[in-house]
Amino acid sequence: MRIAVAGATGNIGALTATALEKAGHEVVRISRSLGVDLLTGEGLDAALAGADAVVDTTNCTATDPEETVAFFGTVTRNLLAAEKKAGVRHHVLLSIAGMSRVDGNAHYVGKREQERLVAEGPVPWTIVPATQFHDFAEMVAAWTEQDGVATIAPLLVQPIAPADIADVLAEIATAPQAQGRYVDVAGPETQDLVDMARRTHQARGHEVKLIPTWSGPFGTSMAGEVLLPGEGARIAPTTFGEWLEGQRSV
C-alpha cells in the first residue's frame, strides 16, 4: 500500500513511518520541513496522489483553546479535502484516551474538534485514542524546569511506549477497512506522572527537584482515573520500566 503519514518528522509519526516501511509499504512523509504545509495546503495534493490511506499524527504546541481549534481544524479540513480529491480510502487519526471527560484543557479542546471533523468528514475513518506516551512525564517537567526545579501534576496514567502505538497505527492503516472509533490503546501498567518524571531523570542522569501541583496546565478535572483507558482497551506489551531501560545513557 501507499500510505501518507502526516506529522512524519515527529516522534510517533517517524516511528509509524518506519513500522510501515518495515512491513513493506510505500510511505509518503508529510511535514512542513519536507515541503508539505498542512496549514496552507501547499504540496498536499501531490503528496497524496495515489495514496491508499493517511495516518494523522500531527501535534500542536499552542496553549490557547482558540489557537488549538484553529490549528487542528485547518489541518484536518485540508487533509480531508485533499484525501477526497485523491480517492484516499482510509483516514487514521491518533487521538487521546479519556479526553472527553476533561474540561479546561486547551489541547483537548482542539483534539475534540479534530475528532468531530474526521467523524463528520467525507473519508472513511478510524480514530485511535491512546493514553499518554512513556516520554510524556519528562516532556511535561521540561515545560517548567528552571534552575533545577520543575512543577508537575500528579496525574494517574497508564502510559504506552511510542513504538507500541506506532505499531498499532501501522496495523490499522493497512487493515482492509476503516473501523470508526477504535478501543482505547494503553500500556500494561498504571503510573504516577511525578514518579515517571523522577525515574526518567534518574535514567538520564539529570537532577531536577519535582514539585507536584495542580496549578499548571493540568487541573483537577484530570485527577483520579479520568485519563485511564476505558473498558475493553487494547493493552500494548512494553512496560514503562522496559522502555526506561532503553533510555539509559541516551
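Biologist: What makes the meeting of the side chains of Glu138 and Arg204 a salt bridge?

Modeller: A salt bridge is a side-chain nitrogen of Lys or Arg within 4 Å of a carboxyl oxygen of Asp or Glu, and because the side chains of Glu138 and Arg204 meet at 2.6 Å, N to O, the pair satisfies that rule. The pair links distant parts of the chain, since Glu138 lies in helix H5 and Arg204 in helix H7 (residues 193-204), 66 residues apart; helices (H or I, at least four residues) and strands (E, at least two) are DSSP runs, numbered from the N terminus. This is a predicted model, in which local features need pLDDT of at least 70 and side-chain atom pairs count only at pLDDT 80 or more, while totals for chains, interfaces and linings use all residues. Residues are numbered from 1 along each chain as its sequence is written, and side-chain values use heavy atoms, with hydrogens and water left out.

Biologist: Why is Arg204 called partly exposed?

Modeller: Buried means under 20% relative accessible area, exposed over 50%, and partly exposed in between (1.4 Å probe, protein chains only). Arg204 has a relative accessible area of 25%, so it falls in the class in between.

Biologist: Is Glu120 buried, partly exposed or exposed, and what shows it?

Modeller: Glu120 has a relative accessible area of 59%, so it counts as exposed. Its side chain meets that of Arg116 in a salt bridge of 2.9 Å, N to O, whereas Arg116, at 35%, is partly exposed.

Biologist: What do Arg234 and Glu171 tie together?

Modeller: Their side chains meet in a salt bridge at 2.7 Å, N to O. Arg234 lies in strand S12 (residues 234-235) and Glu171 in helix H6 (residues 162-173), so the pair ties together parts that are 63 residues apart in sequence. Separately, salt bridges that share partners join Arg77, Glu113, Arg116 and Glu120 into one network, and the count for the model comes to 13 salt bridges.

Biologist: How many cavities of 30 Å³ or more are found, and what makes a space a cavity?

Modeller: On a 1 Å grid over the protein atoms alone, a cavity is a set of points where a 1.4 Å probe fits but cannot get out, and lining residues have an atom within 4 Å of a point. Grid points are joined across faces, edges and corners, and a volume is the space filled by probe spheres set on the points. The search finds 1 such cavity of 30 Å³ or more, and the largest cavity has a volume of about 80 Å³. Among its lining residues are Val140, Trp143 and Phe218.

How values were computed
1 Å grid on protein atoms, 1.4 Å probe; cavity = no way out; pocket = protein on both sides within 12 Å on 5 of 7 lines; lining within 4 Å.
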